[in-house]
Amino acid sequence: MGIEVVVEGLTKSFGRQNVWQDVSLTLPAGEISVMLGPSGTGKTVFLKSIIGLLKPEKGRVLVNGVDMVNSPEKDIMETRKLFGLMFQDGALFGSMSLFDNIAFPLREHTRKKESEIRRIVMERIDVVGLLGAEGKLPGEISGGMRKRAGLARALVLDPQIILCDEPDSGLDPVRTAYLSQLLIDLNAQIDATMLIVTHNLDIAATVPDNMGMLFCRNLVTFGPREVLLTSDTPVVSQFLAGRREGPIGMSEEKDAATLAAERTTGNGFGALTGPRTVVPQLEPSPGLPVRQAALRRRERVMSMMGRLPEAARTAILDSHAPTVGGGHP
């Protein structure tokens, strides 16, 4: 099973520019979480801080008893082996075949024989649906295939925590739908803790167990997916509706005068709120096991029902109601 990640009071700046401050959340073990936010809100910086590639000024990131911010470098390096990281562009070596790209972490970090490396690499290539393409160079395949190769490489060391940085960037809606299903299927098979950074609403609506949003140097919210998907917080409503009216502007945040003017017009924030339908979470493909994370999450969320907003409670109860094909955890 995946490992819980606890983030406490994390604050990160570059020079005088504060990226985000006092971010606290827990990624539940084995569950899929998504971090949303407009472009430029520091989502990628957040991922790199969790894995210890960037050093926040304040706060802790606890993974298996190790603080990825303040622990000795050797402990951080050792704990980093628990992570698999899928970069935005796949980050593949252009001169290497897909096979060699995917085998790279095994050759770099283990002493496994080539026969064992081949077995592992071909297994992961099969999981992401790239059998037959292993001899190709990254430049000879589509962007979607490069993404999947990057995911396969993130999986070869059997990570217990997988971080995906905008896995949908550059993909069309159909390829994004395939990728969403792949992420759910992967979670069903390996039960790893997953954090996906994205601003793609299709992935956000159908994949995660938990959702958060970064905006204006703060964590707006983090919790069960139904809380964010039914939220009437103006910035969340605006983002989910893809509307111009609201706190998010072209330069991230609008000035007070613009916001005040919008509130007094017919296009004010009220139009952004109201009940929204929460679409069912994706199920694993036929033949795959039930997601153990979904069962654990169901128990966890039911225990916190009294502390959740009414709209979220209703959405959770609706999702747990039996349907013809079975309930959605």
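Trainee: Helices (H or I, at least four residues) and strands (E, at least two) are DSSP runs here, numbered from the N terminus. Where, then, does Arg217 lie?

Mentor: Please keep in mind that this is a predicted model. Arg217 sits in the loop between β9 and β10.

Trainee: Is Arg217 buried, partly exposed or exposed?

Mentor: Its relative accessibility is 32%. The buried class ends at 20% and the exposed class begins over 50%, so Arg217 counts as partly exposed.

Trainee: And what is phi of Arg217?

Mentor: Phi of Arg217 is near 65 degrees, which is positive in a residue other than glycine. Most residues other than glycine have a negative phi. Cys216 also takes a positive phi, near 60 degrees, in the hairpin of β9 and β10.

Trainee: How many residues stand between the strands of that hairpin?

Mentor: Two residues separate β9 from β10. The strands, residues 210-215 for β9 and 218-224 for β10, pair in the antiparallel sense over six bridges. Asn210 faces Pro224 of β10 across the pairing.

Trainee: Changing topic to Asp191: where is it found?

Mentor: Asp191 belongs to the loop that runs between α6 (173-190) and β8 (193-197). Asp191 is not a glycine, yet its phi is positive, at about 55 degrees.

Trainee: Why does Asp191 count as buried?

Mentor: Because its relative accessibility is 13%, and buried means under 20%.

Trainee: Which side chain makes a polar contact with that of Asp191?

Mentor: That of Arg296, at 3.0 Å. Beyond its neighbours within four places in sequence, Asp191 is in contact with several residues, including Met1, Gly2, Gly30, Leu186 and Gln292.

Trainee: On to empty space. What volume does the largest pocket have?

Mentor: The largest pocket has a volume of about 600 Å³. Its lining consists of 20 residues, and those nearest the centre are Arg80, Phe83, Leu85, His109 and Leu157.

Trainee: Which elements each supply at least two residues of that lining?

Mentor: α2 (73-80), β6 (83-86), α3 (98-109) and α5 (143-155) do. By class, the lining of the largest pocket has 14 nonpolar, three polar and three charged residues.

Trainee: Which residues of α3 are buried?

Mentor: Leu98, Phe99, Asn101, Ile102, Ala103, Pro105 and Leu106 are buried in α3. These buried residues pack against α4 (114-127) and α5. An α-helix has 3.6 residues a turn, so residues three or four places apart point the same way.

Trainee: What about cavities: how many of 30 Å³ or more are found?

Mentor: A search of the whole structure returns one. The largest cavity holds about 30 Å³ of space.

Trainee: Which residues line the largest cavity?

Mentor: Thr44, Leu47, Lys48, Leu85, Phe87 and Asp165. Helix α1 (residues 43-50) contributes the largest share of that lining, three residues. The classes in this lining are three nonpolar, one polar and two charged residues.

How values were computed: Residues numbered from 1 in each chain as written. Predicted model: local features only at pLDDT ≥ 70, side-chain atom pairs only at ≥ 80, totals over all residues. Heavy atoms only, no water. Buried < 20%, exposed > 50% of the residue type's maximum accessible area, 1.4 Å probe, protein only. Polar contact = N/O pair within 3.5 Å; in protein donor to acceptor, adjacent residues only side chain to side chain. Contact = heavy atoms within 4.5 Å. 1 Å grid on protein atoms, 1.4 Å probe; cavity = no way out; pocket = protein on both sides within 12 Å on 5 of 7 lines; lining within 4 Å. Points joined across faces, edges and corners; volume = space filled by probe spheres on them. Nonpolar A, V, L, I, M, F, W, Y, C, P; charged D, E, K, R; others polar. Pairing = 2+ DSSP bridges.
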